[in-house]
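This report covers strand pairing, aromatic contacts and one pocket. Please read it alongside the sequence and the structure shown here.

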Amino acid sequence: VDGPTGLAISNDGLLMISEFGMGGQVHFYDVSGSGNPVLDHTFGESLGFLSGGRPGLSGDLRFRELTGVGTDASGNIYVSISSFFGGCRLESYTPEGKKNWGLNGLLFVDNGDFDPTTDGRDIYTKSHHFYGIPRNPPGRNGETQPIP
C-alpha cells in the first residue's frame, strides 16, 4: 500500500486500507488467518486519477490522495479524498462500484475576505473566488472558481 492513510474493518470482516500515494486505491485484506494478511481485492482505478487514456482527469473511482475509508451495514464504501486547493471530498459507492453520492468539504486552514465593492457578494481566499447570488434558494447560493 502506497502511503496508508485510513484503516477500517468492512462489514464482511476484511481490513480496508486507503492509500494516499500514486496507487489511488482501497485495499481489502483477509486477516482471519494466523499468518500474514492476504490481499482479497482492491477498489478504485489502479493509479487513481492518473489512470486510463486521460491521466489527471478526476471522476468516479479515479481517486486522488485518499485520506480515509469505511463501510456501512449494507456494504456501501465511503472514501474521503484530499481535494485540490485544500478541503476534502467524501464519496459513497455501492460494493459494485456505482457512485451513490459525493459531497465537497469546506476549505481547510484557510480564510476568505469579502470584497467591499460588491457588498460582500464576492469572497476571495488564496486559491478560490466565491460569489453569492442572494436570490437563489438555500443550497444554491453561490459558485466557486479557482483563481488563475
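In what order do the four strands of the open sheet lie, and is their pairing parallel or antiparallel? The order is E1-E2-E3-E4, and the pairing is antiparallel. The model is a predicted one.

## The open sheet

Two strands sit at the edges of this four-stranded sheet, namely E1, residues 4-9, and E4, residues 38-43. Each of these edge strands pairs on one side only. On average, and with direction ignored, neighbouring strands of the sheet are turned by 25 degrees against each other.

The edge strand E1 is joined to strand E2, which spans residues 15-19, by five bridges in the antiparallel sense. Within this part of the sheet, Ala8 has Met16 of E2 standing opposite.

## Aromatic pairs

The number of aromatic pairs comes to four. One of them is formed by Tyr78 and Trp101, with 6.0 Å from centre to centre and 50 degrees between the planes. The pair is classed as tilted because its angle falls neither under 30 degrees, the limit for stacked rings, nor over 60, the limit for edge-to-face rings. Tyr78 belongs to strand E6 (residues 77-82) and Trp101 to strand E8 (residues 99-104), so the contact links distant parts of the chain, 23 residues apart.

Are Tyr78 and Trp101 buried, partly exposed or exposed? Tyr78 has a relative accessibility of 22% and therefore counts as partly exposed. Trp101 has 36% and so also counts as partly exposed. Both assignments follow because buried means under 20% and exposed means over 50%.

Ring pairs also connect Phe43, Phe63 and Tyr93 into a cluster. Phe43 is in the range 38-43 given for edge strand E4, and Tyr93 is in the range 88-93 given for strand E7.

## The second largest pocket

The volume of the second largest pocket is about 250 Å³. Its lining is made up of 16 residues, and those closest to the pocket centre are Ser58, Gly59, Ile81, Arg89 and Glu91.

Which elements give two or more residues to this lining? They are E6, E7 (88-93) and E8. The largest share comes from E7, with three residues. E6 and E8, which contribute here, are also the strands that hold Tyr78 and Trp101.

Sorted by class, the lining of the second largest pocket has six charged, five polar and five nonpolar residues.

Technical notes
Residues are numbered from 1 along each chain as its sequence is written. This is a predicted model: local features need pLDDT of at least 70, side-chain atom pairs count only at pLDDT 80 or more; totals for chains, interfaces and linings use all residues. Side-chain values use heavy atoms; hydrogens and water are left out. Two strands pair if DSSP finds at least two bridges between them. Axes are lines fitted to C-alpha atoms, for helices over the stretch in contact, and angles run from 0 to 180 degrees between N-to-C directions. Rings of Phe, Tyr and Trp (its six-membered ring) pair if their centres lie within 6.5 Å; planes under 30 degrees apart count as stacked, over 60 as edge-to-face and the rest as tilted. Buried means under 20% relative accessible area, exposed over 50%, partly exposed in between (1.4 Å probe, protein chains only). On a 1 Å grid over the protein atoms alone, a cavity is a set of points where a 1.4 Å probe fits but cannot get out, and a pocket is an open set with protein on both sides within 12 Å along at least five of seven lines; lining residues have an atom within 4 Å of a point. Grid points are joined across faces, edges and corners, and a volume is the space filled by probe spheres set on the points. Ala, Val, Leu, Ile, Met, Phe, Trp, Tyr, Cys and Pro count as nonpolar, Asp, Glu, Lys and Arg as charged, and the others, Gly among them, as polar.
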